[in-house]
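Please look through the structure shown here before reading on. The paragraphs that follow lead from the whole assembly to single residues.

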2 protein chains.
Amino acid sequence: MSSTARGVRARARIEVTAAIKDEARRQLAEEGAAKLSLRAVARELGMASSALYRYFPSRDELLTALIIDAYDSIGAAAEAARDAASGSDPARRWTLVCEAVRVWALAHPHEYALIYGSPVPGYTAPDDTVPAAARVGHVFIGIMRAAQGDACLDRPELPPGLRPEADRMTADLAPDLPPENVTALVAAWAELFGLIGFEVFGQFNRVVEDRKAFFRHAADRLARGVGLMPPQQGEGATPARRA
Amino acid sequence: MSSTARGVRARARIEVTAAIKDEARRQLAEEGAAKLSLRAVARELGMASSALYRYFPSRDELLTALIIDAYDSIGAAAEAARDAASGSDPARRWTLVCEAVRVWALAHPHEYALIYGSPVPGYTAPDDTVPAAARVGHVFIGIMRAAQGDACLDRPELPPGLRPEADRMTADLAPDLPPENVTALVAAWAELFGLIGFEVFGQFNRVVEDRKAFFRHAADRLARGVGLMPPQQGEGATPARRA
DNA sequence: CGAAAGCAAGAGCACTGCTCTCGTCTGTGT
DNA sequence: ACACAGACGAGAGCAGTGCTCTTGCTTTCG
């Protein structure tokens, strides 16, 4: 009764599905989402284009599957960077994860465009993508948690008018973190992808040359903005606040 | 002699060109860049699709024209906000310009996607778009200049390793400003569009609710990050609140 | 075993970007 | 004033697309 023993047919289905996605991803990486053609995928796979509709009901559904995979991929890259940097202090871990996300984006520009550029299919992201999209954000939340545990988490300012929204976001995202930090984190999350997007999409052409150094500095500043403090040499006292 | 008196034909040409762009912009706003169809534009204008190629050599060229117009439009919106806020202090002017850019983006999501989302035509922005794209950035540079004149421009930190790149960018963009501020400004510029893009593209769905207030706070923090200080006090020990 | 469901293939529809050709009209130089 | 080169619009046509429908074949399961 196990799903793999369910028969030759079920096994072939997931194999063909994977083959379609692989070929589609190949074409996506080569030419971009606009040029991705169902017929071309079918042609490359040696099957009739109509047969492909047994696996994906439409081109947009195929793209949605690729979007979810891309979210998974970039999320996995972030998690791998977090795990590889588990020995470092939170501020440094933040920067390393940011850099890993940037490297992934530069290595997969078209997939990056699919998920963080204009949402191509239809226009609105299906709900399936929401959990996959949350993976990267969750890595950052984990770093903040660790920083709070190590008492190296500063608390940014928060204008009184934003307090209700900050409390709401905090309850949804990380009830164990101070709302000031959660609010700053959400902003930094968007700002990070602004930095990466500008580089991937060429907005930094003729503006920023040493992009790696520039990004690293920007990521460091983001870390400070969300309250992550570099470790103090004097181990004893933990400064409570800093502006 | 003058280009307008050059004849009925030249006049008709620019009129038809404008009509094509208008109709294309209409379809772009309604359905997005992916659905923009040359034939549909021609159909709506009552002309043969082949005739349209007398005005734009390809669909991508049409899109490029729309991109340039969109850059101009968002640039004009930023400049208008700057001019309307000429009486305010630089920090407030910064925030008002940011909010104007955000409002423009929310009002023209597909055009925003065209210029700051994934670059659709081919993949690489033609050089024609570079000067148009610089308009928004120049508004921010002007605000920094004014702040420097009013002596309310703080100087952010800059790691030594980034000094050469900072000097290079400063020479290119604003030689009269401190490199520390120019570097922070370039980063804030990208981060601003990260914030706006996340909102326009739906990444804030089920995350941020009170987006206007959230954005205002984030824009204020960006202002501080680039060195713009609120006018009265120098130290940020108390939350600077202003209605 | 036989019915039911899954699957592949082909033909076909409506649409796209783009090219080529063929008349028509316009601006201009002699 | 006239003729000619160039701009223009329209139509046909090509290759390609997403997608549907029908027709046979194979696997699964009652």
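**Two copies and a DNA strand**

In this predicted model, chain A can be laid on chain B with an RMSD of 0.1 Å by a turn of 180° and a shift of 0.0 Å along the axis, where copies are superposed by least squares on the C-alpha atoms of residues with pLDDT of at least 70 in both. The two copies are thus related as by a two-fold rotation axis. Within chain A, the C-alpha nearest this axis belongs to A:Gly194, at 1.7 Å from it. Of the interface residues of chain A, 96% are also interface residues in chain B, so the copies meet through the same surface.

Some conventions help here: residues are numbered from 1 along each chain as its sequence is written, and chains are lettered from A and ligands numbered from 1 in the order in which they are written. Because the model is predicted, local features need pLDDT of at least 70 and side-chain atom pairs count only at pLDDT 80 or more, while totals for chains, interfaces and linings use all residues, and side-chain values use heavy atoms, with hydrogens and water left out.

How is the confidence spread along chain A? The mean pLDDT (the predictor's confidence in each residue, from 0 to 100) of chain A is 90, and 90% of its residues reach 70 or more. Over residues 234-243 of chain A, however, pLDDT stays under 50, and the model has 10 contacts there beyond four places in sequence, a contact meaning heavy atoms within 4.5 Å. Where pLDDT is low, the predicted coordinates should not be read in detail.

We turn now to the DNA. Of the 23 residues around DNA strand D, those that come nearest are A:Leu38, A:Arg39, A:Arg43, A:Arg59 and B:Ser50, with a residue called near if one of its heavy atoms lies within 4 Å. A polar side-chain atom of A:Arg39 lies 2.5 Å from a base nitrogen of DNA strand D, and an N or O atom in the side chain of B:Arg54 is 2.8 Å from a base oxygen of this strand. A backbone N or O atom of A:Arg9, by contrast, lies 3.0 Å from a phosphate oxygen of DNA strand D. Of the strand's atoms within 4 Å of the protein, 49% belong to sugar or phosphate and the rest to bases.

Finally, B:Ser49 lies in helix α3 (residues 49-52) of chain B, a helix being a DSSP run of H or I with at least four residues, numbered from the N terminus. B:Ser49 touches B:Arg39 and B:Ala42, leaving aside residues up to four places away in sequence.

Notes: Helix = DSSP H or I, 4+ residues; strand = E, 2+ residues; numbered from the N terminus. Polar contact = N/O pair within 3.5 Å; in protein donor to acceptor, adjacent residues only side chain to side chain.
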